[in-house]
Amino acid sequence: MAVPEVTVAAGTALTSRRRKVVRRMLRNPLAITGLVVLAIAVLAAVLAPWLAPHEPTDTHLSNAFAPPGTPGYLLGTDDLGRDVLSRIMFGLRASLHVGLLAVATSLVVGVPLGLMAGYFLAIDALISRFTDLVLAFPFLILAVGLAAIRGASLGNAAIAIGIAQIPGVIRIVRSETLRLKSLDFVSAAIVEGAGDPWVLGRHILPNAASVIIVQATVAIPAAILGEAVLSFLGLGIQPPAPSLGTMLSDAQQFASRAPWAAVMPGVAIMLLALAFNIVGDSLRDALDPKASRR
Amino acid sequence: MRRYLLGRLWQSLVTLLLATIVVFLGVRALPGDPALALAGEDRDPESLRAIREQYGLDDSMLVQFWQFVSHAARGDLGQSIRTGESVTTMLSSALPVTMELSALAIFVATLLGVGAGVVAAVRRGRPAEWAANALALLGLSVPNFWLGLMAILYLSVALGLFPASGYVPFFENPIDNLHHLVLPAVILGTGLAAVIMRQTRSSMLDALSADYIRTAEAKGLPPRAVIGRHALRNSLIVVITIVGLQLGALISGAVVTERIFALPGFGKLTVDAVFQRDYPVIQAVVLVTATAYIVINLLVDLLYSVIDPRIRVRGEA
């Protein structure tokens, strides 16, 4: 009978803690700004097919190099007369897609490995060597190799970025597991006869969740920048599909003639990454107010 | 100390061996028959067989691997499939460019990062801290290849302050060489500077609240000496570590920076090799990168344990 009671108590403690974290975040004006920018970007990306004034791939050669403010083309057009605003909205969609897919990949692989490395001493060395090995490969070389083997595409770019982010996830989850393992409530559960999967799944994972969430919020902007780099090099999303990275590499050819086509996509990437980083930072501060006051 | 050193060396060797195996297998997993690529237009079976013979493509994987490792150990990394040039020669002309670019970028990043980090920690809660934090956030969020494009567009093309592309070897004309590399180095350094700034700030804050700082202040040392000689000195370990950890990111960044500024470095070699399926070059490039990463991390760890004996003890435990 004692077990359900404990679970209920832990549950309410968790929700009240969550509420406190949310309240702390909403008191921070920077965090609110970040959340608002993020919300606008996500809405623009998700609703792009309905909100975008033009088809992102439609060319209007008679309107090529229209400067920003031209009626119908708020942010101007590129060399083929494609609407920069519409392409940015669809590009944001691709960026978010890759960002989420990459981080999901790294979490799916990294979290279980990190939990096991932190919990079972026997396989810690093995997993740590694996992290060293992945870290030894610069992410770009990895992505370049994957693009060469499997062809350049959105999915492959996301996988390459995700693989590159696995070591970071493993390290963070591992050290959090090591910390939690030494706490009394875990020892109590083990003494009560709980099996390893139960301890890991019911005690350690839920308590490591906040660290994992913070890691994910800072990994997403890194993945978004990674996608931009890959697409810029021609190793990511393939034209004519709009991506902020390919827009920039196209715009490089005619940057002095139509600087807006090179400026705007970069600003969009920067705002998106900045919003994620701000939200991630303030989330970490809200979860651990002591660390931020330091 | 000796046991720690040997253990760490052994670990590095194992990682290097694993990396070599992955490189070797990975390159062979690439689609397309290298013999066909080599033969070009001439595709009669006879010349294909000759090519396979010449490059040992018909040997068993194990033999090929042994050939690869034993040649690599002697500094022979084979010939480029595309140009026929020795890969070692190609590397020796590309590596100095990237090494100089990276060294300059690390210099810029350390200068900016440590400077801003110290200011943020010492001017706690003042506008200066706010500005330094904002700059670091911006540095983490700006795609640095875009920053490079903007710099070319506005500083090189519009104002003519710097050359937009190209490279001049240092020993040919040092001034011209630096003039070409300033912009790429600053661009490459910004992301790294942001990471260094954040770490410097937080370790400076730790240090400033430590007892030995209070002792230094109590015995009447001027603030400049307390910050410079005591707090900062301890924080510098952090910078060394970060540079080691960020090496992979630095190399990735160099690839893009070289592409934008048309520098004939390691990054350009890499991207070209992949687009042209130049197996020996890809193999060599990845191997060199992995080796550099492993060696630098080993050095960082050793340096670390020399500076801070506690780490050595923990490593042995």
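Read along its sequence, chain B of this predicted model follows the pattern α-α-α-α-α-α-α-α-α-α-α-α-α-α. Its secondary structure therefore comes to 14 helices and zero strands, where helices and strands are taken as DSSP runs. Chain A is described in the same terms: from the N terminus on, its elements run α-α-α-α-α-α-α-α-α-α-α-α, and there are 12 helices and zero strands.

## The two chains

The table sets out the overall values for each chain.

| Property | Chain A | Chain B |
|---|---|---|
| Secondary structure | 12 helices, zero strands | 14 helices, zero strands |
| Box filled by the C-alpha atoms, along the principal axes | roughly 75 × 45 × 35 Å | roughly 85 × 60 × 35 Å |
| Buried residues | 49% of 294 residues | 38% of 317 residues |
| Contacts at a separation of at least 6 that join residues at least 24 apart | 71% | 70% |

## Confidence in chain A

The average pLDDT of chain A is 81, and 91% of its residues score at least 70. Within the chain, confidence is highest in helix α4 (residues 84–119), at a mean of 90, and lowest in helix α12 (residues 289–293), at 54. Over residues 1–11 of chain A the pLDDT stays under 50, and the model has zero contacts beyond four places in sequence for this stretch.

## Where the chains meet

How many residues of each chain take part in the contact between chain A and chain B? The answer is 34 residues of chain A and 35 residues of chain B. On the chain A side, the elements that give two or more residues are α5 (121–136), α6 (139–150), α9 (196–233), α10 (244–253) and α11 (259–287). The largest share, nine residues, comes from α11(A). By class, this side of chain A has 26 nonpolar, five polar and three charged residues.

## The largest nonpolar core

The largest nonpolar core has 168 residues, and the members that touch the most others are A:Ala143, A:Ile161 and A:Ile269. The greatest contribution to this core is made by α9(A), with 18 residues. The surroundings of A:Ile269 can be listed in detail. Leaving out residues up to four places away in sequence, A:Ile269 touches A:Ser95, A:Ile224, A:Leu225, A:Ala228 and A:Leu244, together with B:Pro143 and B:Trp146.

## An exposed residue of chain A

A:Ala188 is found in helix α8 (residues 184–191) of chain A. Is A:Ala188 buried or exposed? A:Ala188 counts as exposed because it has 12 C-beta neighbours inside 10 Å, and the cut-off for an exposed residue is 12 or fewer. The C-alpha atom of A:Ala188 is separated by 42 Å from that of A:Phe139, although the two residues are 49 apart along the chain.

## Annotated spans of chain B

An unreviewed UniProt entry places the feature "transmembrane region" at residues 101–122, 134–157, 177–197, 236–261 and 281–304 of chain B. Two of these spans may be compared with the model. Residues 134–157 are 92% helix and 0% strand, with end C-alpha atoms 29 Å apart. Residues 177–197 are 100% helix and 0% strand, and their end C-alpha atoms lie 28 Å apart.

## Helix α11 of chain B and the loop after it

Helix α11(B) has 15 residues and reaches 20 Å from its first C-alpha to its last, close to the 21 Å expected at 1.5 Å a residue. Because 14 of its 15 residues are buried, α11(B) is largely enclosed by the rest of the structure.

What follows α11(B)? The next residue is B:Ala262, whose phi is positive, near 50°; B:Ala262 is thus a residue other than glycine with a positive value. B:Ala262 is found in the loop between α11 (247–261) and α12 (266–275) of chain B. With 14 C-beta neighbours inside 10 Å, B:Ala262 counts as partly exposed.

B:Ala262 is in contact with B:Gly166, which also contacts B:His180, neighbours within four places in sequence being left aside. B:Gly166 is found in another loop, between α7 (144–158) and α8 (174–208) of chain B. B:Gly166 counts as exposed because it has 11 C-beta neighbours inside 10 Å. The C-alpha atoms of B:Gly166 and B:Leu77 are separated by 27 Å, and the two residues are 89 apart along the chain.

Note on methods:
Residues numbered from 1 in each chain as written. Chains lettered and ligands numbered in written order. Predicted model: local features only at pLDDT ≥ 70, side-chain atom pairs only at ≥ 80, totals over all residues. Helix = DSSP H or I, 4+ residues; strand = E, 2+ residues; numbered from the N terminus. Buried ≥ 20, exposed ≤ 12 C-beta atoms within 10 Å, placed from the backbone. Contact = placed C-beta atoms within 7 Å. Nonpolar A, V, L, I, M, F, W, Y, C, P; charged D, E, K, R; others polar. Core = buried A, V, L, I, M, F, W, Y, C linked by C-beta atoms within 7 Å. pLDDT = per-residue confidence, 0-100. UniProt positions renumbered as here; feature names shortened; annotations may be inferred. Expected span 1.5 Å × (residues − 1).
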